[in-house]
Amino acid sequence: MLAAIRCDKGDVDGNLATHLRLLRSAAAAGCDLAVFPEMSLTGSVDPATRPERLVTLDHPAIGALADASGRTGVGVCFGIAERSREPHITQILAAGGRVTGVQRKRHLGPGEEPFTAADAAQVFEHAGVRFGVAICFEAGFDAPFDAAHAGGARLVLFPAAPGLYGRRTGEESWRAGFSWWQESALGDARRHARRLGLWIALAGQAGSTEDEDFPGLAALVSPGGDVTDRLPDWREGVLTVDIPV
């Protein structure tokens with residue numbers, strides 16, 4: 001299940017409720033894994049202006065999602081703005097009732113300077129499938145995908161939260177922002193898929209938050225570079241896909 005959802009900034013409780021609801025839906029649909037956007041649990045918060053909105057890896061909401069992965073039998077990949085010795089943009093995998101790994105963002109985008117870039121790459125395994133994670137702006141770089149491929153991954157998850165410049169005030173402005181993002185995101189995903197023979201699964205933040213708008217999109221790209229399934233536009237939605245790996 002690829003979830004393109006609104007992730008309100010600083011509303012951990014509200015975002016957690018959405019994650020838990022969709023995780024139950026994923027279990028009902030027979031999914032092995034639910035993938036949420038970049039910083040999905042905390043929202044896309046700024047450590048320079050609102051450091052209190054960052055969370056540590058032992059935050060109760062993370063524990064609640066890990067517990068839910070055990071109850072439902074569905075692995076869950078979700079994102080936080082992480083409070084640690086240095087702030088990170090972090091994607092977490094939980095399965096079987098516990099956190100099984102983290103991938104911190106290695107290449108930071110414009111506006112993310114208050115965060116610290118990581119340098120380690122992790123390859124995860126769940127339901128017999130090895131996969132890597134490339135977070136949003138990282139899709140513009142080869143290294144995250146190369147590292148996943150070198151580690152035996154056949155799939156890369158692509159959680160994203162590309163904030164749009166300027167507020168979206170109507171259908172035309174939303175369509176323009178979405179057009180930019182789908183060209184960028186799917187273009188990068190198709191290139192990496194073709195050159196490495198990987199499946200790539202995208203889930204992005206969607207909708208308006210208190211001070212920033214996000215263009216959504218969930219999609220699956222095949223190793224041949226074809227978009228095999230996708231949501232149609234920038235609106236919130238859930239895409240359930242079968243990945244033959």
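Visitor: Is Trp-181 buried or exposed?

Guide: This structure is a predicted model. The relative accessible area of Trp-181 is 4%. Because buried means under 20%, Trp-181 counts as buried.

Visitor: Which class describes Trp-180, buried, partly exposed or exposed?

Guide: Trp-180 has a relative accessible area of 44%. Buried requires a value under 20% and exposed a value over 50%, with partly exposed in between. Trp-180 is therefore partly exposed.

Visitor: How are the rings of Trp-180 and Trp-181 arranged as a pair?

Guide: The structure holds 6 aromatic pairs. In the pair of Trp-180 and Trp-181, the ring centres are 5.6 Å apart and the planes stand at 40°. Planes under 30 degrees apart count as stacked and those over 60 as edge-to-face, so this pair is tilted.

Visitor: Which residue forms one aromatic cluster with Trp-180 and Trp-181?

Guide: Trp-181 is among the residues with the most contacts inside the largest nonpolar core, which has 51 residues. Phe-158 is also listed among those residues. The residue that completes the aromatic cluster with Trp-180 and Trp-181 is Phe-158.

Visitor: Which helix gives the most to the largest nonpolar core?

Guide: The largest nonpolar core has 51 residues. A contribution of 8 residues comes from the helix spanning residues 171-196, and this is helix 4.

Visitor: Which backbone oxygen does the side chain of Gln-91 reach?

Guide: Gln-91 lies in strand 4, residues 88-95. Its relative accessibility is 1%, so Gln-91 counts as buried. At 3.1 Å, its side chain reaches the backbone oxygen of Phe-36.

Methods: Residues are numbered from 1 along each chain as its sequence is written. This is a predicted model: local features need pLDDT of at least 70, side-chain atom pairs count only at pLDDT 80 or more; totals for chains, interfaces and linings use all residues. Side-chain values use heavy atoms; hydrogens and water are left out. Helices (H or I, at least four residues) and strands (E, at least two) are DSSP runs, numbered from the N terminus. Buried means under 20% relative accessible area, exposed over 50%, partly exposed in between (1.4 Å probe, protein chains only). A polar contact is a pair of N or O atoms within 3.5 Å; within protein, one must be able to donate a hydrogen and the other to accept it, and residues adjacent in sequence count only if both atoms are side-chain atoms. A nonpolar core is a set of buried Ala, Val, Leu, Ile, Met, Phe, Trp, Tyr and Cys residues joined through side-chain atoms within 4.5 Å. Rings of Phe, Tyr and Trp (its six-membered ring) pair if their centres lie within 6.5 Å; planes under 30 degrees apart count as stacked, over 60 as edge-to-face and the rest as tilted.
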